[in-house]
Amino acid sequence: MTVMGVSKFERFFRAAASLDVDKNDLKRYGDFVNAKLYDLLVVGQASAKAHGKDTVEPWDLPITKGLQESIHRFRQLDEEVELKPILEQLATHPPLDRTPTQEAEERYPEIIGGLSLALAETFRIMYPDVKNPQTSHWEGVTAVFDRLL
């Protein structure tokens, strides 16, 4: 990620949850969003397959009410932070049995944005006094998402 991307990433977490993250947190963050996007795509692929479709449509992705609300809040916050162009670079996935449609792929940056906002807010909920998350904090928050998504 470019220096400009790192500063936007840092600014996003400060604005979203008053967290001070740094470039060392980028790998953890990248791993998190890649894993969660993949998890959503795997379930979306199963839905498409169950309905006899060859492609994964946006409505096949299991976007919960809470994630949808996070996506909406991300859109508002992103007007200030402008992270979406960077998220477009992160929005990749390995090959799947069912190919996502272009419309589904176009939603990835906002889905990742919603996941990112939910991640930041979860840090604040689980560790209200933490300003700079450490490995143990990342592991705790990631474990929650692993059980819910």
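Leaving aside neighbours within four places in sequence, which residues is Gln45 in contact with? In this predicted model, Gln45 has its place in helix 2, and the residues it contacts beyond that sequence window are Val56, Leu96, Asp97 and Arg98. With Arg98, which lies 53 residues apart from Gln45 along the chain, the separation between C-alpha atoms is 5.8 Å. With Asp97 there is a specific atomic approach, in which the side chain of Gln45 reaches the backbone nitrogen of Asp97 at 2.6 Å. Gln45 counts as buried because its relative accessible area is 14%, which falls under the 20% cut-off.

A second polar residue can be read in a similar way. Glu110 is placed in helix 5, which spans residues 102–126, and it counts as buried because its relative accessibility is 17%. Once neighbours within four places in sequence are left aside, Glu110 is in contact with Ile71, Phe74, Arg75 and Lys84.

From these two positions one can turn to the nonpolar interior. The largest nonpolar core holds 41 residues, of which Phe12, Phe13, Tyr29, Leu87, Ile112 and Leu119 touch the most other members. At least two residues of this core come from each of helix 1 (3–17), helix 2 (26–50), helix 3 (65–81), helix 4 (84–90), helix 5 and helix 6 (135–148), and the most come from helix 5, which gives 9 residues.

Tyr29 offers a detailed view of these surroundings: apart from neighbours within four places in sequence, Tyr29 is in contact with Phe9, Phe13, Leu87, Leu90, Ile112, Ser116, Leu119 and Trp138.

Notes
Residues numbered from 1 in each chain as written. Predicted model: local features only at pLDDT ≥ 70, side-chain atom pairs only at ≥ 80, totals over all residues. Heavy atoms only, no water. Helix = DSSP H or I, 4+ residues; strand = E, 2+ residues; numbered from the N terminus. Buried < 20%, exposed > 50% of the residue type's maximum accessible area, 1.4 Å probe, protein only. Contact = heavy atoms within 4.5 Å. Core = buried A, V, L, I, M, F, W, Y, C linked by side-chain atoms within 4.5 Å. Polar contact = N/O pair within 3.5 Å; in protein donor to acceptor, adjacent residues only side chain to side chain.
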